[in-house]
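Thanks for coming, everyone. I'll walk you through one structure today, so have a look at it on the screen and then we'll go through it piece by piece.

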Amino acid sequence: MSLEVRIKKRFDSFLLDVDLAAGNETLGLLGASGCGKSVTMRCIAGIETPDEGRIVVNGQVFYDSAQRINLKPQQRKTALLFQNYMLFPNLTVEQNVAAGIGGAVPKDERARIVAAELARFSLSGFEARYPAQLSGGQQQRVALARMLAAKPGILMLDEPFSALDAHLKSLLEQNLVSLFDAYEGTILYVSHDIDEAIRFCDRIAVVEAGHILEVDTSDELVNHPHSEAALKLSGCKNAPQATYAGEHRAWVAKWGVHVETAEPVPADVSHLGIRAAYIERADGPGPNNYRVRVDRVSDARFDRSVLLGFLDREEGSAPPVNREDDEMRYLHEHLFWRVSKKDDAAVLPEVGDELWVRLPPDRIYLVTR
């Protein structure tokens, strides 16, 4: 099983320029809303037509602009699951599952396939019900059963959990585990949630403004990101622009400080990153120790988020932005710190506190694009 996509399609806001390949695996497309993830899958399914390029699934050419090949959606044998499941409201569960099976399949074989998929997703006994008579979880299982019954060449899922609350999402995720275990082939999974992508995907492609910036395993993406987009999508709250200031030293203009790094700083470094949970308290001056002021706090169940303003900006740095003049620039000049509440004896930072923090050099990320 394989997928090859090399396509271009121009939109008003950006140029979709995708070049990717996948084998017998689950490949995640991770990116912000509107970056081109869903359009890519719609082009594979035949719902959208690229301006140029080539799409090949399991050796079959779906689209080739040079050879003037453009198969219709029903000829492509793809399965695309949207977040609203797209069930036919006037068909029963049994009829919905059977809808994707080709008309050439004998009646007895169709019934066998439908029964097998209903049993796989614990839907036996629901055959005569209509979608409106089902819960959200049951509707999802019907959609998944329909996907497998059609025996598609590729499975594609477009943010299937984006509209669900956290509790229901965790329950319905188990349905996907059953789907992925049963399917042998390429699965594309669109998400903007790094944790969701890590749970389901063998590899993750970072998508930004219509381009794939990098494709890596989840471990590599989280621990060794190579782009600003990957830094932010992997959950890194601090990702300011940085410039080379020495073999193990970077200058961060927004913070007005130099940062020492364990890894060598690339000459063309563009951004520096450190996760909010990696920041440490310090007792006073030292390497990568900074005097800061707590300008804002907000509480979650298990931690406190703290915005820190640098008090000792180095010579040559611009004066700090006034909050009333530009709220967003003011926030971006701050260091985002996450403080755990697990230690009952710990003194949580409060607005107005002045203290010292340390950025561990071995926790600093450096990216060049």
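The largest pocket has 21 residues lining it, and T78, A79, L80, G100 and R146 are the ones nearest its centre. This is a predicted model, by the way, so please keep that in mind throughout. The volume of that pocket comes out at about 640 Å³. Which elements give two or more residues to its lining? Those are α2, covering residues 73–76, then β7, covering 78–81, and α5. Of these, β7 gives the most, with 4 residues.

Let's step back to the whole chain for a moment. We've got 369 residues, and 47% of them count as buried. The chain holds 10 helices and 21 strands. If you take the C-alpha atoms along the principal axes, they fill a box of roughly 80 × 55 × 35 Å. And here's one on contacts: take those between residues at least 6 apart in sequence, and 66% of them join residues at least 24 apart.

Back to α5, then, since we've just met that helix at the pocket. α5 runs over residues 136–149, and it gives 7 residues to the largest nonpolar core, the most of any contributor. That core has 41 residues, and the ones touching the most other members are L144, L155, L157, L176, L179 and F180. There's another core lying apart from it, made of 28 residues, including F14, C43, V57 and F62. As a general point, nonpolar side chains in soluble globular proteins tend to be buried together.

I'd like to stay with C43, because C43 is buried at a relative accessible area of just 1%. C43 sits in helix α1, and it's one of the buried residues there, along with K37, V39, T40, M41, I44 and A45. So how enclosed is α1? Well, 7 of its 9 residues are buried, so the helix is largely enclosed by the rest of the structure. Right after α1 comes G46, which has a positive phi, near 95°.

Now, with cysteines around, you may be wondering how many disulfides the structure holds. The count is 0. Take C35: it's in no disulfide, and the nearest cysteine sulfur, the one in C43, is 13 Å away. Looking from the other side, C43 has its closest cysteine sulfur in C35, and at 13 Å that's too far for a bond. C35 counts as buried too, because its relative accessibility is 6%.

α1 comes up again when we look at cavities. There's 1 cavity of 30 Å³ or more, and its volume is about 30 Å³. Its lining is made up of V18, L20, L29, G36, K37, T40, V207 and I212. Two elements give two or more residues to that lining, namely β2, residues 15–22, and α1, residues 37–45.

Okay, on to some strands. Please find β17, residues 289–299. What does β17 pair with? On one count, 5 bridges join β17 to β20, residues 354–358, and the two run antiparallel. Then there are 7 bridges joining β17 to β18, again running antiparallel. β17 and β18 make a hairpin, with 3 residues between them.

V292 is a handy residue for seeing both pairings. In β20, V292 stands opposite L355, and in β18 its bridge partner is F310.

While we're at β18, which spans residues 303–310, have a look at D303 in that strand. Is D303 buried or exposed? The relative accessibility is 19%, so D303 counts as buried, given that the cut-off is under 20%. Leaving out residues up to four places away in sequence, D303 touches S298, R338, V339, S340 and K341.

Last stop is A99, in the loop between α3, residues 93–98, and α4, residues 107–120. A99 has a relative accessible area of 41%, which means that it's partly exposed. Compare its position with that of L3: the two are 96 residues apart in sequence, and 25 Å apart in space from C-alpha to C-alpha.

That's my tour, so over to you for questions.

Note on methods: Residues are numbered from 1 along each chain as its sequence is written. This is a predicted model: local features need pLDDT of at least 70, side-chain atom pairs count only at pLDDT 80 or more; totals for chains, interfaces and linings use all residues. Side-chain values use heavy atoms; hydrogens and water are left out. Buried means under 20% relative accessible area, exposed over 50%, partly exposed in between (1.4 Å probe, protein chains only). Contact means heavy atoms within 4.5 Å. A disulfide is a pair of cysteine sulfur atoms within 2.5 Å. A nonpolar core is a set of buried Ala, Val, Leu, Ile, Met, Phe, Trp, Tyr and Cys residues joined through side-chain atoms within 4.5 Å. Two strands pair if DSSP finds at least two bridges between them. On a 1 Å grid over the protein atoms alone, a cavity is a set of points where a 1.4 Å probe fits but cannot get out, and a pocket is an open set with protein on both sides within 12 Å along at least five of seven lines; lining residues have an atom within 4 Å of a point. Grid points are joined across faces, edges and corners, and a volume is the space filled by probe spheres set on the points.
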